Amino acid sequence: QVHEMLPAGSGARRALPLAVRLHARFPEAKWYFFVDDDTFVYIPTLLKVLSKRDYRDAHYIGWAYPAGPELHGFAPGEWRPEIGIGGAGFAVSAPLMRRLVAEARLHLGLARRPP
């Protein structure tokens, strides 16, 4: 399973199950915001930034880190995905979260691809 290829104890390894649970708890949210627990967030600025985007479109707002060699399962020179980093935080719109959760459920073994 994809999440098992990530280093044990890493935030990235916990991200897929967290996204599934977060969406299940708040299925009608317009935005999902991920941030480290020791980061200060000024909510008025966050809301101002989010208001400039249509939550009905797929948006990722934040910084993405190119996956390094610690992400197993890729051949040398093969394309590696960029990974959202919690630190300063990132926001995911509802449509993008639905797509993320559908893929996460597949990779976690919680769903199957239609034939």
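These exercises walk through a predicted model of one protein chain.

**Exercise 1. Find how many helices and strands the chain has, and in which order they run.**

Solution.
Step 1. Count the elements. The protein chain holds three helices and five strands.
Step 2. Read from the N terminus. The order is α-β-α-β-β-β-β-α.
Step 3. Look at burial. The chain has 115 residues, and 26% of them count as buried.
Step 4. Look at the contacts. Take those between residues at least 6 apart in sequence; 64% of them join residues at least 24 apart.

**Exercise 2. Decide where confidence is lowest and where it is highest.**

Solution.
Step 1. Start with the whole chain. Its mean pLDDT is 79, and 66% of the residues reach 70 or more.
Step 2. Find the low end. Strand β4 (residues 82–84) has the lowest confidence, at a mean of 65.
Step 3. Find the high end. Helix α2 (residues 43–51) has the highest, at 94.
Step 4. Draw the lesson. Where pLDDT is low, predicted coordinates should not be read in detail.

**Exercise 3. List the residues of the largest nonpolar core, and say which elements each supply at least two of them.**

Solution.
Step 1. Name the residues. The largest nonpolar core has 11: L16, A19, V20, Y32, F34, F90, V92, M97, V101, A104 and L108.
Step 2. Assign the elements. At least two residues of this core come from each of α1 (11–25), β1 (31–34), β5 (90–93) and α3 (94–107).
Step 3. Check for another core. A second, separate one has five residues, including L46, L50, I61 and A91.

**Exercise 4. Describe helix α3: how many residues has it, and which of them are buried?**

Solution.
Step 1. Take the length. α3 has 14 residues. From first C-alpha to last, α3 reaches 20 Å, close to the 20 Å expected at 1.5 Å a residue.
Step 2. Pick out the buried residues. They are A94, P95, M97, V101 and A104.
Step 3. Zoom in on A104. This residue of α3 has a relative accessible area of 1%, so A104 is buried.
Step 4. Find the partners of A104. Leaving out residues up to four places away in sequence, A104 touches L16 and V20. A104 and V20 are 84 residues apart in sequence, yet their C-alpha atoms are 7.0 Å apart.
Step 5. See what follows. After α3 comes G109, with a positive phi near 80°.

**Exercise 5. Classify H23 and E28: buried or exposed?**

Solution.
Step 1. Place H23. It lies in helix α1.
Step 2. Apply the cut-off. H23 has a relative accessible area of 15%, which is under 20%, so H23 is buried.
Step 3. Name the contacts. Beyond residues up to four places away in sequence, H23 touches Y32, M97, R98 and V101.
Step 4. Place E28. It is found in the loop between α1 and β1.
Step 5. Apply the other cut-off. E28 has 72%, which is over 50%, so E28 is exposed.
Step 6. Add a distance. The C-alpha atoms of E28 and A94 are 7.9 Å apart, with their places 66 residues apart along the chain.

**Exercise 6. Follow strand β5 through A91 and S93, and find what each touches.**

Solution.
Step 1. Place both. A91 lies in β5, and S93 is found there as well.
Step 2. Judge burial. A91 is buried at 1% relative accessible area. S93 is buried too, at 0%.
Step 3. List the contacts of A91, again without residues up to four places away. They are W31, Y32, F33, L50, H59, Y60 and I61. The C-alpha atoms of A91 and Y60 are separated by 5.8 Å.
Step 4. List those of S93 in the same manner. They are K30, W31, Y55, D57, A58 and H59.
Step 5. Single out H59. Its backbone nitrogen lies 2.8 Å from a polar atom of the S93 side chain.

**Exercise 7. Find how many salt bridges the structure has, and which side chains meet.**

Solution.
Step 1. Recall the principle. Side chains of opposite charge can pair when their charged atoms come close.
Step 2. Search the whole structure. One salt bridge is found.
Step 3. Identify the pair. The side chains of D54 and R56 meet at 2.9 Å, N to O.
Step 4. Check accessibility. D54 is partly exposed, at 29%. R56 is exposed, at 58%.

Key. Residues numbered from 1 in each chain as written. Heavy atoms only, no water. Core = buried A, V, L, I, M, F, W, Y, C linked by side-chain atoms within 4.5 Å. Buried < 20%, exposed > 50% of the residue type's maximum accessible area, 1.4 Å probe, protein only. Helix = DSSP H or I, 4+ residues; strand = E, 2+ residues; numbered from the N terminus. Contact = heavy atoms within 4.5 Å. Salt bridge = Lys/Arg side-chain N within 4 Å of Asp/Glu carboxyl O. Polar contact = N/O pair within 3.5 Å; in protein donor to acceptor, adjacent residues only side chain to side chain. pLDDT = per-residue confidence, 0-100. Expected span 1.5 Å × (residues − 1).
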